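Here is a short set of exercises to work through with the model open on your screen. Try each task before you read its solution.

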Amino acid sequence: MYFAALLARTEDGWEASDTELDDVETLSDLADLAREASADDDTVLVLIEQEDAWFGVVRVDGEDDPRIYVSDAAAAARSSYGEILLTDELLGREPGDDGPDLDSLDLDGTEDGEPEDADDEDAPGTDAAVPHGPVGDSEILDDLGVSEKELRALDADDALSAIAEALGASEVLETVR
């Protein structure tokens, strides 16, 4: 089960709104959605969680590029919403480097059977390039009262509540949960 919410900082504090991510296909779409939630180019946080598996924070400050933190990249890679956050840049890959080029593969006609290295986690086509554990900007919330150490220590099952509490936005987040 997923939960996604927008927290927009205003002059009067934080405003929360739940958000539907069904029409969001890229990080750019998500950033545009966040920018729409802020009238004055203030900070907007997109908080996403998959129950007991992973959470992600996307921070959009005006027209700046979004900053991203994902608590467990491997778990997020197995979900459609997580794939939006796991950009090539975040994972340290070259854009479009989704695996080996077909020209570099040894296609000798024996591909129909089980490959000899089926248990090899570094074999092409596996998630070996996606690390287990956190990726992204772990200092994303430092200036808002959540240190890198605190962010990395959060469990996926209560992370969004803990972040909202540290921001002084727990009541507004609970209204949309």
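**Exercise 1. The cavity**

Task: Find out how much space lies in the largest cavity and which residues line it.

Solution: About 30 Å³ of space lies in the largest cavity. Keep in mind that the model you are looking at is predicted. The structure holds one cavity of 30 Å³ or more. Next, pick out the lining: Arg35, Ser38, Asp41, Asp42, Val44, Val60 and Gly62. Sorting these residues by type gives two nonpolar, two polar and three charged.

Now stay with one lining residue, Asp41. Asp41 sits in the loop between α1 and β3. Its phi is positive, about 55 degrees, although Asp41 is not a glycine.

**Exercise 2. The overall layout**

Task: Work out how many helices and strands the protein has, and in what order they come.

Solution: Start by counting, which gives seven helices and six strands. Then read from the N terminus, and the order is β-β-α-β-β-β-α-α-α-β-α-α-α. For the contacts, take pairs of residues at least 6 apart in sequence: 56% of these contacts join residues at least 24 apart. Finish with the surface. The accessible area of the protein is about 10500 Å², and carbon and sulfur atoms account for 40% of that. Of the 177 residues, 38% are buried.

**Exercise 3. Two nonpolar cores**

Task: Locate the largest nonpolar core and say which elements each supply at least two of its residues.

Solution: The largest nonpolar core has 29 residues. Leu30, Ile48, Val58, Val70, Leu85 and Leu86 have the most contacts inside it. Next, look at the elements that each supply at least two residues of this core. The strands are β1 (2-10), β3 (43-50), β4 (54-61) and β5 (67-70). The helices are α1 (27-36), α2 (73-77), α3 (80-85) and α4 (88-91).

Zoom in on Leu30. Leaving aside residues up to four places away in sequence, Leu30 touches Leu21, Val24, Val46, Ile48, Val58, Ile84 and Leu85. A second, separate core has 23 residues, including Val146, Ala156, Leu173 and Val176.

**Exercise 4. Buried or exposed?**

Task: Decide whether Ile163, Asp22 and Asp52 count as buried or exposed, and describe where each one is found.

Solution: You need two cut-offs here: buried means under 20% relative accessible area, and exposed means over 50%.

- Ile163 has 0% relative accessibility, so Ile163 counts as buried. It lies in helix α6 (residues 159-167). Not counting residues up to four places away in sequence, Ile163 touches Phe55, Val57, Leu141, Leu151 and Leu154. One of these partners, Leu141, is 22 residues from Ile163 in sequence, and their C-alpha atoms are 8.8 Å apart.
- Asp22 counts as exposed because its relative accessibility is 54%. Look for Asp22 in the loop between β2 (13-18) and α1. From Asp22 to Tyr81 is 59 residues in sequence, yet 8.9 Å in space, C-alpha to C-alpha.
- Asp52 has 53% relative accessibility and therefore counts as exposed. Its place is the loop between β3 and β4. Asp52 is not a glycine, although its phi is positive at about 60 degrees.

Note on methods. Residues numbered from 1 in each chain as written. Predicted model: local features only at pLDDT ≥ 70, side-chain atom pairs only at ≥ 80, totals over all residues. Heavy atoms only, no water. Helix = DSSP H or I, 4+ residues; strand = E, 2+ residues; numbered from the N terminus. Buried < 20%, exposed > 50% of the residue type's maximum accessible area, 1.4 Å probe, protein only. Contact = heavy atoms within 4.5 Å. Areas by Shrake-Rupley, 256 points an atom, 1.4 Å probe, with all protein chains shown as cover. Core = buried A, V, L, I, M, F, W, Y, C linked by side-chain atoms within 4.5 Å. 1 Å grid on protein atoms, 1.4 Å probe; cavity = no way out; pocket = protein on both sides within 12 Å on 5 of 7 lines; lining within 4 Å. Points joined across faces, edges and corners; volume = space filled by probe spheres on them. Nonpolar A, V, L, I, M, F, W, Y, C, P; charged D, E, K, R; others polar.
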